[in-house]
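Me: I'm new to this one and would like to know the reasons behind the labels. Can you show me the structure and then take my questions?

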Amino acid sequence: MVRTVDEHKRRMASSTVRGGVCVTAKEYLSQAYRIDQRVNSKLRQVDSLRDLATRATSTMGTEPVSGTRNVHRLADTIDKIVDLENEINNDIDRLVDLKREVMATISKVQDTNTLMLLELRYLGFMSWDAIAGEMHYTSRWVHILHSKALAAVDKILAAEVDKS
């Protein structure tokens with residue numbers, strides 16, 4: 001992505017250093033959604049590997065007993081499933097910790113409407129249209145409110161960085 005100098009300055013002015021990395025409020029809040037997406041992707045991969053393992057065992061049952069390669073493939077597939085499930089558990093732990101942290105940050109927002117919007121979007125992973133319906137606002141007003149909410153979170157994050 002190519003940014004002009006002014007765009008870069010604006011981005012840096014509205015970002016906060018967290019963990020040695022410069023992030024905007026939106027990037028910070030969106031982390032949980034990205035981890036959730038990765039967990040769901042890995043769960044689909046586990047399902048696919050289980051399906052593969054089930055097919056391998058059903059074909060092994062119909063073949064003569066001389067097929068040792070299939071036994072090794074099945075063991076490899078089971079190992080991959082176990083490894084992937086361990087990764088999923090680690091990702092879920094990170095997701096829970098991050099959601100707790102994001103929840104604590106969001107709870108510092110003073111305005112209840114912006115707080116609700118942030119919770120629905122960044123903790124409930126709701127779409128903009130669903131948020132508008134839930135809050136009984138127009139989509140346009142939800143986006144305006146979202147801009148205000150991000151500005152509030154930017155101030156909170158900046159204050160946290162200043163404390164440390």
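Reply: Sure, here come a few questions with the reasoning spelled out; keep in mind that this is a predicted model.

Me: Why is H4 called oblique to H5?

Reply: The axes of helix H4 (residues 112–123) and helix H5 (residues 128–135) cross at roughly 140°. Over 145 degrees would count as roughly antiparallel, and 65 to 115 as roughly perpendicular. The angle fits neither range, so H4 ends up oblique to H5. The crossing is right-handed, by the way.

Me: Which residues make the contact between H4 and H5?

Reply: On the H4 side you'll find Asn113, Met116, Leu117, Leu120 and Arg121, and on the H5 side Trp128, Ile131, Glu134 and Met135. Sorted by class, that's six nonpolar, one polar and two charged residues.

Me: What makes Leu123 count as buried?

Reply: Buried means under 20% relative accessible area. Leu123 has 13% relative accessibility, so it counts as buried. Leu123 sits in helix H4 and, leaving out residues up to four places away in sequence, touches Lys99, Val102, Met103, Ile106 and Leu118.

Me: How far apart are the C-alpha atoms of Leu123 and Lys99?

Reply: They're separated by 6.7 Å, although the two residues are 24 residues apart along the chain.

Me: Which residues touch the most other members of the largest nonpolar core?

Reply: Out of its 26 residues, those are Tyr28, Leu29, Val102, Ile106, Val109, Leu118 and Val153. Helix H2 (25–62), helix H3 (68–106), H4 and helix H6 (139–163) each supply at least two residues of this core, with H2 giving the most, eight residues.

How values were computed:
Residues numbered from 1 in each chain as written. Predicted model: local features only at pLDDT ≥ 70, side-chain atom pairs only at ≥ 80, totals over all residues. Heavy atoms only, no water. Axes fitted to C-alpha atoms, helices over the stretch in contact; angles between N-to-C directions. Helix = DSSP H or I, 4+ residues; strand = E, 2+ residues; numbered from the N terminus. Parallel < 35°, antiparallel > 145°, perpendicular 65-115°, else oblique. Left-handed = near helix turned anticlockwise from the far one by under 90°. Contact = heavy atoms within 4.5 Å. Nonpolar A, V, L, I, M, F, W, Y, C, P; charged D, E, K, R; others polar. Buried < 20%, exposed > 50% of the residue type's maximum accessible area, 1.4 Å probe, protein only. Core = buried A, V, L, I, M, F, W, Y, C linked by side-chain atoms within 4.5 Å.
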